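Trainee: I would like a close look at one part of this structure. Please take me through the salt bridges.

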Amino acid sequence: MNDVERFLKKVDKSGECWNWTGAAKGRNGYGSFGWNDKIVLPHRLSYVLHHPTTIDLLDGHREIYVCHKCDNRLCVNPAHLFLGTHTDNMKDMIAKGRGWQPKVKGEGHGKVKLTETQVREIRSRYANGGLSHQVLGDEYGVSRGQILRIVRRLNWTHI
């Protein structure tokens, strides 16, 4: 059995995504395959097998990525794969709502307990004196440390 046949035996083509069923799905979620005395990523190999002029992609060339339209790291369907740079891959990830997202500030953040008005009140009341971080924290339902970060402008820096 040649390497191509060995590779194809480890591909499940029963769905739209052709899932890699071979060994070594690492902590990064990708598989691996032994090809010509090298370990290669199956989706890169699939792209090369279906686009033979890109054979040099298996010789390093990590500045060129084989990206997934389907976002399935185990997919080796060449119709789901495209070439791009690291920047292209990151833009694709963000456009699809995965991975890092720009930080949401203030009341737009999903875990916020205070409003901008309350933050202004806390700063004003603390500046006027007589109230401790603990007292303000108890009153507003947040920790003493949170009040400290608010009055020192370490949190809620945009107001």
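Mentor: Here is a walk through the salt bridges, with two backbone oddities at the end.

Some ground rules come before the details. The model is predicted, so local features need pLDDT of at least 70, side-chain atom pairs count only at pLDDT 80 or more, and totals for chains, interfaces and linings use all residues. Residues are numbered from 1 along each chain as its sequence is written, and side-chain values use heavy atoms, with hydrogens and water left out.

Now the term itself. A salt bridge is a side-chain nitrogen of Lys or Arg within 4 Å of a carboxyl oxygen of Asp or Glu. By this rule the count is 4.

Take lysine 96. Its salt bridge with aspartate 71 has the closest N and O atoms 3.2 Å apart. This pair links distant parts of the chain, 25 residues apart. Lysine 96 sits in the loop between helix H3 (86-95) and helix H4 (116-127). Aspartate 71 sits in the loop between strand S5 (65-68) and strand S6 (81-84). Helices (H or I, at least four residues) and strands (E, at least two) are DSSP runs, numbered from the N terminus.

Lysine 96 also bridges to aspartate 92, with the closest N and O atoms 3.0 Å apart. Together, Asp71, Asp92 and Lys96 are linked in a network of salt bridges.

How covered are these residues? Buried means under 20% relative accessible area, exposed means over 50%, and partly exposed lies in between (1.4 Å probe, protein chains only). Aspartate 92 has 17% relative accessibility, so it counts as buried. Lysine 96, at 33%, is partly exposed. Aspartate 71, at 30%, is partly exposed.

Next, look at arginine 125 and glutamate 139. Their side chains meet in a salt bridge of 2.6 Å, N to O. This pair also links distant parts of the chain: arginine 125 lies in helix H4, glutamate 139 in helix H5 (residues 133-140), and they are 14 residues apart. Arginine 125 is partly exposed at 26%. Glutamate 139 is partly exposed at 47%.

Finally, the backbone. Asparagine 36 is not a glycine, yet has a positive phi of about 50°. Find it in the loop between strand S3 (33-35) and strand S4 (38-40). At 53% relative accessibility, asparagine 36 is exposed. Tryptophan 156 is not a glycine either, and its phi is positive, at about 55°. Tryptophan 156 lies in the segment after helix H6 (144-151). At 10% relative accessibility, tryptophan 156 is buried.
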